[in-house]
Amino acid sequence: MADSEDRWALLGGENEGPLAGRQEPGGPERTMSAICDPSRLPHRVVVLVFMCFLGFGSYFCYDNPAALQTQVIQDMNLNTAQFMQLYAWYSWPNVVLCFLGGFLIDRVFGIRLGTIIFSLFVCVGQVIFAAGAWANYFWLMEAGRFVFGIGGESLAVAQNTYAVNWFKGKELNLVFGLQLSMARLGSTVNMNIMGWVYSKVAGAVGSSGHTTLGISLMIAAGTCVFSLICALVLAFFDKRAERILNKEQGKTGEVIKLTDVKDFSLSLWLIFIICVFYYVAIFPFIGQGQVFFIEKFDFSPAQARAVNSIVYIISAPASPILGFIVDKTGRNIGWVFAAVVATLCAHMMLAFTFWNPWIAMSLLGLSYSLLACALWPMVAFVVPEHQLGTAYGFMQSIQNLGLAVIAIGVGVIVDIRGYLVLEVFFCACICIALMAVVGLYFVDYLKGEGLNRSAAARAKLQKETTTDAESKKQSSTVMQDGRARLASMSAFGLRNRYLCRLGAQLPDHCSTHLSSLAHRSVLK
């Protein structure tokens, strides 16, 4: 029975087991209900609900400027270049914080305190942003976006760390899919409700203007307060689970070494190029898309907001489905190529035709979801496991650098040359990404790195590699000690062998975790 309990403790307390009805230490002997027992599924489902809503406020408020683009420009008397600075200021701190978020959670704050601190940054940043509009100080709005950015990306790292700490194995696929869908839901609700909120506030105040804008943004800050409450509740649940299950706080598992950059392969640098030049044609476009649809297609503000949000609406259900398809088929480079070509077609339709923009935006939503599912996992195929944290951190860093710089450039292009030239610029960025995809295909073909292998071929190769490694290890052990096969295994070794055969994740000191930066970046 003791051995069974030890095995159960190492498994992290899954849905059922000998300790499912454990009592809290120091308390009377009693059986906890499933909803209160952190080792049981019903309790973890409750935790998952708060986990998903943890980032809702961040994603809701990130695109507040896009949802209220016309109002922000008119009420604050801005041009497009100044307006796009609101997105640039969000990205600037994350050029550096992508390397530090995991470190701060692991070594400085811990997962619970770190999540609360990052949630506070998001909440305070949104309040400063709203106060700047209320007081008619644009520089204060920029400062608010900077503070908001400090918390936003790191909060996503904390969210993924909680997920890894509470859910294991195949459960993680569903959990990350639900988190992604909730993130897209926050963006979609923002796009479609903030205009209505502004109109209701204007009716109550008696007129539009910076005061109405400030009040509307302050109402939006309520979602950040809600996410902060979720962070506090999660901290309570995690502390309680730690006490009952005698487990440690979750860690990101990220290992960041900037010296690893010199060892990055050509394939990885091409992946970085694809990432930067693809995403700079997506997020800055959505950021200023409302006015584009109003001016070119003569849409009302409500219609413009609706079509501008279709990328997020499609991404919510499509990302898990497309991720499953990519996992089952492999051929990542082929899927990335298809996504980039489809995005180029969408931007060309928006630039050179007057077709219903719902067609182009729907295609853009599908291709955006497909690229996220196929591109980010490729990093793990070309980088050793000990360099994953550095690779994903660097990828996220240069992505934010590109978004910050291009956001400023997009505003200048619109003010000087108009939206047609802007769409041509986006097409040029996508063409650069397309050339990088073609280059990646040939490099992969010549080096045999397997980025475009089928899923079946990868599984076969992994099985052969594992078998060879185990054979060599066993041969080496026998040569060193002829009695090795007769030696008894320690209880620790027996437990780890048991866990490995079940496919369970070992404790931190026995195994390494994939970087949560990968999951965080897909959520973006």
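Mentor: Buried means under 20% relative accessible area, exposed means over 50%, and partly exposed lies in between (1.4 Å probe, protein chains only). This is a predicted model: local features need pLDDT of at least 70, side-chain atom pairs count only at pLDDT 80 or more, and totals for chains, interfaces and linings use all residues. Residues are numbered from 1 along each chain as its sequence is written, and side-chain values use heavy atoms, leaving out hydrogens and water.

Trainee: What pLDDT does the protein average?

Mentor: pLDDT is the predictor's confidence in each residue, from 0 to 100. A score of at least 70 is reached by 79% of the residues. The protein's average is 81.

Trainee: Over which residues is the pLDDT below 50?

Mentor: Where pLDDT is low, the predicted coordinates should not be read in detail. One stretch below 50 has 57 contacts (heavy atoms within 4.5 Å) beyond near neighbours in sequence: residues 1–29. Another stretch below 50 has 60 such contacts: residues 482–520.

Trainee: How many helices and strands are there in the protein?

Mentor: Both are DSSP runs, numbered from the N terminus: helices are H or I, at least four residues, and strands are E, at least two. On that basis the protein has 24 helices, and its strands number zero.

Trainee: What share of the 524 residues counts as buried?

Mentor: The protein exposes about 22700 Å² (Shrake-Rupley method, 1.4 Å probe), with 65% of it supplied by carbon and sulfur atoms. Among contacts with a separation of 6 or more, 79% join residues 24 or more positions apart. The buried share of the residues is 55%.

Trainee: Is Asn 64 buried or exposed?

Mentor: Asn 64 lies in helix H4 (residues 64–67). Leaving aside neighbours within four places in sequence, Asn 64 is in contact with Gln 126, Asn 190, Met 194, Leu 217 and Ala 220. Its relative accessible area is 1%, so Asn 64 is buried.

Trainee: Which side chain does a polar contact of 2.5 Å join to that of Asn 64?

Mentor: A polar contact is a pair of N or O atoms within 3.5 Å; within protein, one must be able to donate a hydrogen and the other to accept it, and residues adjacent in sequence count only if both atoms are side-chain atoms. For Asn 64 the partner at 2.5 Å is Asn 190.

Trainee: How many of the 19 residues of H18 are buried?

Mentor: H18 covers residues 357–375 and reaches 26 Å from its first C-alpha to its last. That is close to the expected 27 Å (1.5 Å times one less than the number of residues). At its start, a side-chain oxygen of Asn 356 comes to within 3.0 Å of the backbone nitrogen of Trp 358. The helix is mostly covered, and its buried residues number 14.

Trainee: How far apart in space are Phe 426 and His 347, C-alpha to C-alpha?

Mentor: Phe 426 is in helix H21 (residues 419–447) and is buried, with a relative accessible area of 0%. Its contacts more than four places away in sequence include Val 280, Phe 285 and His 347. Phe 426 and His 347 are 79 residues apart in sequence, but in space the distance is 7.2 Å.

Trainee: What is the relative accessibility of Asn 77?

Mentor: Most residues other than glycine have a negative phi. Asn 77 has a positive phi, near 55 degrees, and lies in the loop between helix H5 (69–76) and helix H6 (80–91). Asn 77 counts as exposed because its relative accessibility is 68%.
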